[in-house]
Amino acid sequence: IITNSVRLLFIIATLCFVGWKPRREISNYQLLWELSYICMIITLIFPGQQKYAWVLLLPASAYIVHFLIFTFKFNLNELGNMKWKIILGLVCFAFVLMTITTDGIIGRPLNKIAGHFKLITYGTIIISVVLLLCPPKYLIRKKEENI
């Protein structure tokens, strides 16, 4: 019941990300933001995924890295220095949970422990929170100001 409830919660969150109604005009940043969330959520909703299915996190990673570089480059005051540091900290923590805990780095016994506690799944949930903190409205507004 708990697992299916969490899946339902992620499906509802997807509708919040993408929007309840279809939109006619959408920016490229908005499209990448929505697409990265949908690709990422597939790994959480369908539990029978193998390790290579986590490649679906690449669009989310690319968007977040672009967001962090873009907001740092233009010293975005609207985002705030503290929020930027929180986002960066969460990304680093998710990186540790999802990448550093592989058997090639920490060894097979510790990898089995990390697999038991589903650290990759927790890292993905952290990435979904980071995506919520990085809406494309900051990127769109700043790009329009520079043009």
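Is Phe70 buried or exposed, judged by its relative accessibility? In this predicted model, Phe70 has a relative accessibility of 13% and therefore counts as buried. The cut-off behind this assignment is that buried means under 20% relative accessible area.

Phe70 also takes part in an aromatic contact. A search of the whole structure finds 3 aromatic pairs. In one of them, the ring centres of Tyr29 and Phe70 lie 6.4 Å apart, and the planes meet at 50°, so the pair is classed as tilted. Tyr29 belongs to helix α2, which covers residues 28–45, whereas Phe70 belongs to helix α3, which covers residues 58–73. The pair therefore ties together parts that are 41 residues apart in sequence. Tyr29, like its partner, counts as buried, because its relative accessibility is 16%.

Helix α3 also carries Phe67, whose partner Tyr138 lies in helix α8, residues 137–146. The geometry of this aromatic pair is edge-to-face, with 6.2 Å from centre to centre and 65° between the planes. Because the two residues lie in these separate helices, the contact ties together parts that are 71 residues apart in sequence. Both Phe67 and Tyr138 are buried.

The surroundings of Tyr138 include two further residues. Tyr63 joins Phe67 and Tyr138 in one aromatic cluster. In addition, Lys137 places its charged end over the ring of Tyr138, at 5.5 Å from the ring centre. Tyr138 thus combines an edge-to-face pairing with Phe67 and a position beneath the charged end of Lys137.

Methods: Residues are numbered from 1 along each chain as its sequence is written. This is a predicted model: local features need pLDDT of at least 70, side-chain atom pairs count only at pLDDT 80 or more; totals for chains, interfaces and linings use all residues. Side-chain values use heavy atoms; hydrogens and water are left out. Rings of Phe, Tyr and Trp (its six-membered ring) pair if their centres lie within 6.5 Å; planes under 30 degrees apart count as stacked, over 60 as edge-to-face and the rest as tilted. Helices (H or I, at least four residues) and strands (E, at least two) are DSSP runs, numbered from the N terminus. Buried means under 20% relative accessible area, exposed over 50%, partly exposed in between (1.4 Å probe, protein chains only). A charge sits over a ring if NZ of Lys or CZ of Arg is within 6 Å of the ring centre and within 35 degrees of the ring normal.
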